[in-house]
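Work through the exercises below with the sequence and the coordinates side by side, and try each task before reading its solution.

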Amino acid sequence: MLIHALSGYYDILAKAGKVLPEGYSNVKIHYIVCLTEEGRIDAILSCKVRTEQRAAKGKIKEVWNPRNMVMPKRTEKPGIDANVIEHRPLYLFGLNCNKEILSPEDRTQKAKKSHNAFVKTNLEFLEGLDSPVIQAYRQFLQNWNPEEETQNSCLLGLGKEYDKSSYAFCLTGYPDQLLQNDVQVKKRWEEWYRQRGEEGEDAYISQCAVSGIPAPIARIHSKVKGVYGGLVTGTVLVGFNNPSENSYGKEQSYNSSISSRIMQKYTEALNYLLETRSHKILMDDMTIVFWAMNPEETCEDVLMAMLCGQSEQMNTEQTEQMLKNLLEDARKGKIIWDRLCSTDCIQPDIDFYMVGLKPNSSRLAVKFIYRKRYADILWNVAKFQEEMQVSETVRPLSIARIKMELVSPKSSHDTVNLALLTKLFEAVIYGSRYPEALLETTVRRVKTDTDKKVNEVRAGIIKACINRNYKKEELKVALDRENYTPAYLCGRLFAVLERLQQDASGNSLNRTIKDAYFASASSRPAIVFPKLLKLAQNHLNKVKGPVFYNKLIGEITWQLEGEFPETLLLTDQGRFVIGYYQQYQSFFIAGYYQQYQSVFEKKDTEQKEQTEEDGDGN
């Protein structure tokens with residue numbers, strides 16, 4: 001499915017002019033070799049591009065990078081194999097560079113063999129072609145003698161850059177008219193490439209596993225670059241290195257039965273995705289790429305904003321507004337297509353893909369691949385964001401932020417299990433259950449971190465896991481006084497007792513009951529709370545408004561019917577955390593004392609009226 005989708009995406013990109021046509025490669029060129037009409041090197045000019053990078057401490061660093069140029073398809077075969085219009089110095093000049101000394105001699109005679117292969121291939125290719133730059137290049141091929149050029153001043157002037165650089169050719173005085181762009185060269189190359197095919201006369205013809213059409217099968221697949229942790233030179237997605245992987249007498253990638261044309265398409269499309277920032281995110285050591293089967297990048301940009309909080313085209317404020325609009329739809333229980341159009345999400349019915357890649361030796365391992373209709377994915381991501389909200393103010397929560405909350409803030413070595421992240425992505429994209437390990441890890445972090453950190457992210461994770469996995473909106477966005485679950489009430493009571501202690505001490509304590517009892521109270525309430533309630537009596541004598549706390553404690557303990565649970569299992573521990581977080585946050589709402597006081601007064605009135613009715617009845 002992955003290779004078929006990528007090859008189809010290549011066709012979309014090629015039609016939009018976003019990728020190179022078949023038979024061409026992007027090559028990073030450092031220098032342009034200027035040739036005289038006689039084929040002699042007149043000068044070597046740098047064509048590097050100046051860019052600025054932000055270095056440490058905010059300083060701007062000047063960097064010179066090679067220029068991208070389009071050349072005839074580069075070979076990736078091992079051993080000596082020359083390109084048409086070569087760019088590698090060993091092939092071009094037949095000289096090794098050792099301590100800035102040029103020499104044609106080496107133990108394996110690789111320099112000599114490489115240069116001879118280059119001359120033969122290119123003379124054969126240029127036969128019958130005639131233009132000023134082609135004539136100069138032909139003269140260079142015929143007259144260049146590596147043994148006589150060891151003291152060439154132009155090459156020696158490059159110093160250590162000689163064998164690290166790539167080269168293009170032009171006629172001296174015309175640096176903007178490069179050999180590879182010559183009309184005759186391009187026409188001949190396209191005819192040659194079509195007739196010859198990448199596999200040449202030794203092509204193995206078979207039915208392609210992707211297209212179903214008999215075609216030359218790719219023996220070696222092109223390399224993919226840009227995956228975090230992969231080789232600098234690139235890593236293959238399809239490769240067979242061991243004899244045990246071969247079957248039916250086939251060797252190397254003939255086992256995959258993927259045609260050369262499809263191979264070029266899927267590798268070119270994947271490299272394009274990995275080069276574009278709006279198409280990938282990094283999660284630990286896994287690179288995640290995603291794309292819609294559409295030449296526009298609006299779909300990817302919106303999804304990037306939804307998953308990461310912002311994107312290339314949308315800042316945080318715009319993302320929050322978009323999410324707020326989508327959440328309004330989510331609360332109504334239906335998707336509004338006009339809303340999708342208002343967020344520039346064109347063609348909501350197109351397919352959307354998301355792939356997780358991780359390097360494995362010299363190959364890429366596909367950790368997951370998801371495919372779904374784009375509108376469904378956007379809808380599921382909006383539901384995910386809605387479930388993670390624990391305040392009325394909508395804030396997009398990124399996957400990266402969730403990952404950060406699953407490890408200890410004081411450890412630089414902890415990492416999140418890759419299987420957990422994969423399952424989390426699956427739950428977000430498909431709207432399925434959250435992994436049980438997500439709830440367990442979050443609750444454990446809340447209980448075991450030294451500062452017992454219960455923030456909006458961890459609270460949001462716990463709330464989302466409980467609500468989705470149990471298929472009901474049990475936990476609300478804000479404090480729910482109608483929630484009589486014992487675990488939730490215990491969490492509320494703990495927050496009240498902690499706030500009482502802080503008020504009694506004038507917020508001067510370095511260590512509160514949360515630091516000493518939170519983990520045990522969330523697991524064994526019946527053992528801990530009697531002791532905490534006894535301590536609370538001392539704190540009540542020190543606060544200015546003991547009646548408020550007395551009534552609030554009484555309200556919660558009355559709902560508990562005076563009995564605390566013996567133990568709380570994992571899900572109930574999550575409810576305890578949410579009860580604690582929501583109750584504690586309510587104390588910071590303006591006028592919260594008055595808000596609670598009105599509730600108490602209403603209840604006192606109702607109880608008084610009920611007592612009078614009972615008296616009249618008697």
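**Cavities and cores**

L497, L500, I513, L532, L535, A536 and H539 form the lining of the second largest cavity in this predicted model.

**Exercise 1.** Determine which helix gives the largest share of the lining of the second largest cavity, and how the lining divides by class.

*Solution.* Begin with the helices: α16 and α18 (525–540) each supply at least two of the lining residues, and the largest share, four residues, comes from α18. Then sort the lining by class, which gives six nonpolar residues, one polar residue and no charged residues. The space enclosed here is about 30 Å³.

**Exercise 2.** Carry out the same analysis for the largest cavity, whose volume is about 60 Å³.

*Solution.* First list the lining, which consists of Y10, L20, P21, E22, G23, Y24, K73, Q264, K265 and E268. Next assign residues to elements: helix α7 (residues 260–275) gives the most, with three residues. Finally, the classes are four nonpolar, two polar and four charged.

**Exercise 3.** Identify the helix that gives the most to the largest nonpolar core, and trace the contacts of F494 beyond its neighbours within four places in sequence.

*Solution.* The largest nonpolar core has 88 residues, and I288, M354, F425, Y434, F494 and F529 are those with the most contacts inside it. Helix α16 (residues 486–504) gives the most to this core, with 11 residues. Once the sequence neighbours within four places are set aside, F494 is in contact with I513, K514, Y517, F518, A521, F529, L532, F576 and Y580. A second, separate core of 40 residues includes Y24, L102, I134 and C154.

Note on methods. Residues numbered from 1 in each chain as written. Predicted model: local features only at pLDDT ≥ 70, side-chain atom pairs only at ≥ 80, totals over all residues. Heavy atoms only, no water. Core = buried A, V, L, I, M, F, W, Y, C linked by side-chain atoms within 4.5 Å. Buried < 20%, exposed > 50% of the residue type's maximum accessible area, 1.4 Å probe, protein only. Contact = heavy atoms within 4.5 Å. 1 Å grid on protein atoms, 1.4 Å probe; cavity = no way out; pocket = protein on both sides within 12 Å on 5 of 7 lines; lining within 4 Å. Points joined across faces, edges and corners; volume = space filled by probe spheres on them. Nonpolar A, V, L, I, M, F, W, Y, C, P; charged D, E, K, R; others polar.
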